[in-house]
Amino acid sequence: MTSNRSGRGKSRRNAAVPVQGKPQKKTVQSKKEQGQSRGGAGKEQLRIAIGNGNGNFDGNIKDMDRNRMGKGRGTRRSSGDGQGKERGAQRSSGDVREQHALNRNRVRAERTDLPVQKNDEAIIDIIGMNHDGEGVGRVEGFTLFVPGALPGEKVRVKVLKTKKQYGYAKLLEIVQASPDRIAAPCAIYDQCGGCQVQHMSYEAQLGWKRQHVVDVLERIGKLSVAASAGSGTDSGGNANATTESGNQAAQVLATGVEADTASASSSAVSTDPNTDSMSVNLAREQGVVVHPTLGMSEPWRYRNKAQVPIGVTEGGLVGGFYARGSHRIVDMDTCLIQDERNDEVVARVKEIGRMLGISAYNEETGRGLLRHVVVKTAFRTGEMMLVLVTNGRDIPHAEAWVGSIREHIPHVASICQNVNTKRTNVIFGDETRVLWGRDVIYDYIGNVQFAISARSFYQVNPVQTEVLYSKTVEYAGLTGKETVIDAYCGIGTISLFLAQHADQVYGVEIVKEAIEDARSNALLNNMRNVKFEVGASEDVIPAWKEQGITADVIVVDPPRKGCDPRLLDTILEMKPERVVYVSCNPSTLARDLRILEDGGYRTVEVQPVDMFPHTVHVESVVLMQYCGDKKKN
């Protein structure tokens with residue numbers, strides 16, 4: 001609900017400063033009062049946070065509320081024959097309005113029974129954090145989401161909006177701060193929506209991300225997760241923090257369900273089938289091992305790509321970010337998670353644009369030229385690409401613009417123009433042309449070289465990408481004799497990593513341009529044991545099977561919506577020994593793991609990887625082993 005995020009502004013940055021002279025209308029004074037539920041929905045609300053040992057609260061109450069509303073609407077639909085439809089059509093508009101009014105009054109009547117109303121103030125304990133990075137507290141069992149609040153804090157809030165089962169509140173004062181709270185170093189953090197948890201220590205971010213993965217595996221995937229043996233240390237030397245409030249939240253919200261106290265031992269990946277069997281048995285007996293999150297030793301300036309919207313203010317051409325919950329562009333000079341060179345190029349482009357009188361695109365009118373400035377930087381080679389996304393092909397003073405960029409930014413190896421004349425918020429259009437230099441720049445992940453074009457997908461954090469892909473290869477357990485299928489291969493990044501250790505790799509991707517890039521990257525690295533094909537995985541892989549191609553390992557790296565159901569069916573029919581799942585969305589990951597588990601696989605271990613520090617996003621790599629028909633086990 002972005003419309004209610006206005007409370008994340010200055011109140012978050014200045015929350016440690018008490019707000020004087022405000023009446024405290026509601027006060028939560030005990031954990032018992034927080035844990036009480038109201039009505040029939042109480043138990044369902046509580047179950048959402050069961051097993052949370054690190055102040056993590058997924059916040060799917062919102063989804064539950066929407067689902068119930070959807071069911072209610074569905075029951076009103078007529079399922080009769082044509083005669084019934086005709087009678088429905090004859091219903092007067094006055095009757096419909098009257099029914100809507102009755103429904104609204106019923107909702108209002110229900111909301112008067114809530115323990116808090118809009119504009120009420122309350123002191124609450126924050127017992128968790130949802131997947132949007134909002135603190136979660138309760139007033140007499142009623143859930144409030146509080147942007148800017150951290151688990152373990154006692155805060156004073158003002159209620160902004162209420163629904164049947166939850167509401168939103170603005171942080172007014174931090175009565176008792178979490179030890180994980182820090183001052184956000186970014187000067188525009190309160191306005192920008194790019195980062196969500198800069199006010200949380202990096203160690204605590206890593207711990208929360210692991211717990212977020214654990215929570216959805218248990219709640220959505222119905223998986224038993226091995227209990228953590230204690231705080232772990234990630235590859236960057238950061239200790240995962242577990243908050244006392246998280247443990248309290250688990251106790252308050254567990255509704256009598258005791259947590260599994262079995263200690264977990266790290267399961268090493270091996271190509272020995274006996275070891276594999278031991279790993280599967282360990283997963284069965286002690287639960288799935290979820291390792292500490294692999295973080296960065298330097299979690300700043302990690303992004304190799306900037307996509308900056310361009311607009312106009314009274315001062316002229318501006319470029320930066322969309323203000324939180326709006327499409328109003330706020331000018332920005334620097335971003336602490338962007339490579340400094342990206343900031344430099346964007347600043348130079350804006351300066352030249354102002355000097356040359358270049359107009360900015362206006363979303364409302366569809367007029368103006370410059371829509372976005374996109375900059376890509378190759379960390380290993382230092383090469384840079386600049387893409388000017390324009391609302392038309394003609395660029396006034398194009399030669400002067402290109403000449404000035406080349407003069408002041410010598411590392412730029414490619415200057416391109418992408419033409420997008422559609423009334424859409426999609427950044428790129430269909431036509432791209434080179435204004436100067438090459439059509440690609442080159443970079444490396446590990447020892448694999450990649451050609452990066454203006455529109456090709458390439459991971460934005462190259463340091464952590466190598467960590468992610470190395471873990472993928474490790475979980476694949478390759479000896480050089482295996483056949484591997486990469487089911488969402490993109491431009492071939494994971495496929496080429498795997499090809500260094502496998503006998504044969506087959507990659508499939510539905511985007512034609514990505515497959516063309518993948519084939520070019522294979523030739524660039526002189527890798528001849530990898531084949532790429534365009535199409536949907538669920539169509540191509542069965543065709544390969546008919547040709548006699550079967551996989552020992554299948555790797556999937558789907559988009560946020562997860563794997564297509566038909567692909568999961570295909571995997572269950574092919575029955576590869578191992579499935580390695582690379583996920584950017586813990587919720588759809590858990591859903592898909594449940595399907596594969598029901599089909600005879602066992603989830604052995606999960607490795608969260610922090611690809612996007614200071615945001616709520618987390619990637620995971622999962623190892624699954626096939627152990628036969630579930631009915632036989």
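Guide: Two strands pair if DSSP finds at least two bridges between them. Keep in mind that this is a predicted model.

Visitor: Thanks! How many bridges link β7 and strand β22, and is the pairing parallel or antiparallel?

Guide: There are 2 bridges between β7 and strand β22 (residues 601–609), and the sense is parallel. To see one partnership, look at Val 290, whose bridge partner in β22 is Val 606.

Visitor: Which strands make up the open sheet, and in what order?

Guide: Reading across, the order is β7-β22-β23-β21-β20-β17-β18-β19, which gives 8 strands with mixed pairing. Each of β7 (289–290) and β19 has a single partner strand, so these two stand at the edges, with one side lacking a neighbour in the sheet.

Visitor: Let's go to the β19 end. How do strands β18 and β19 run, and how many bridges join them?

Guide: They run parallel: strand β18 (residues 504–509) is joined to strand β19 (residues 530–534) by 5 bridges. One of the partnerships is that of Glu 509 with Val 534 in β19. Between the two strands, the chain passes through helix α14 (residues 512–524), making a right-handed β-α-β crossover.

Visitor: Now a single residue. Is Ser 495 buried or exposed?

Guide: Buried means under 20% relative accessible area. Ser 495 has a value of 0%, so this residue is buried. You will find Ser 495 in helix α13 (residues 493–499).

Visitor: With which side chain does the side chain of Ser 495 make a polar contact?

Guide: With that of Asp 486, at 2.6 Å. Beyond four places in sequence, Ser 495 also has contacts that include Val 505, Val 530 and Phe 532.

Visitor: Which residues have the most contacts inside the largest nonpolar core?

Guide: They are Val 387, Val 484, Leu 496, Leu 498, Val 530 and Phe 532, in a core of 67 residues. Take Leu 498: leaving out residues up to four places away in sequence, Leu 498 touches Val 473, Ala 476, Leu 478, Val 484, Val 505 and Val 555. Another core lies apart from the largest one and has 36 residues, including Val 213, Ile 541, Val 556 and Val 606.

Visitor: One last stop, in a loop. Where does Met 332 lie?

Guide: Met 332 sits in the loop between β10 (329–331) and α10 (340–356). Its relative accessibility is 16%, so Met 332 counts as buried. Apart from neighbours within four places in sequence, Met 332 is in contact with Ile 188, Gly 319, Gly 320, Phe 321 and Lys 350. For Met 332 and Ala 347, 15 residues apart along the chain, the C-alpha atoms are separated by 8.7 Å.

Technical notes: Residues are numbered from 1 along each chain as its sequence is written. This is a predicted model: local features need pLDDT of at least 70, side-chain atom pairs count only at pLDDT 80 or more; totals for chains, interfaces and linings use all residues. Side-chain values use heavy atoms; hydrogens and water are left out. Helices (H or I, at least four residues) and strands (E, at least two) are DSSP runs, numbered from the N terminus. Buried means under 20% relative accessible area, exposed over 50%, partly exposed in between (1.4 Å probe, protein chains only). A polar contact is a pair of N or O atoms within 3.5 Å; within protein, one must be able to donate a hydrogen and the other to accept it, and residues adjacent in sequence count only if both atoms are side-chain atoms. Contact means heavy atoms within 4.5 Å. A crossover is right-handed if, with the strands pointing away from the viewer, the path from the first strand over the helix to the second runs clockwise. A nonpolar core is a set of buried Ala, Val, Leu, Ile, Met, Phe, Trp, Tyr and Cys residues joined through side-chain atoms within 4.5 Å.
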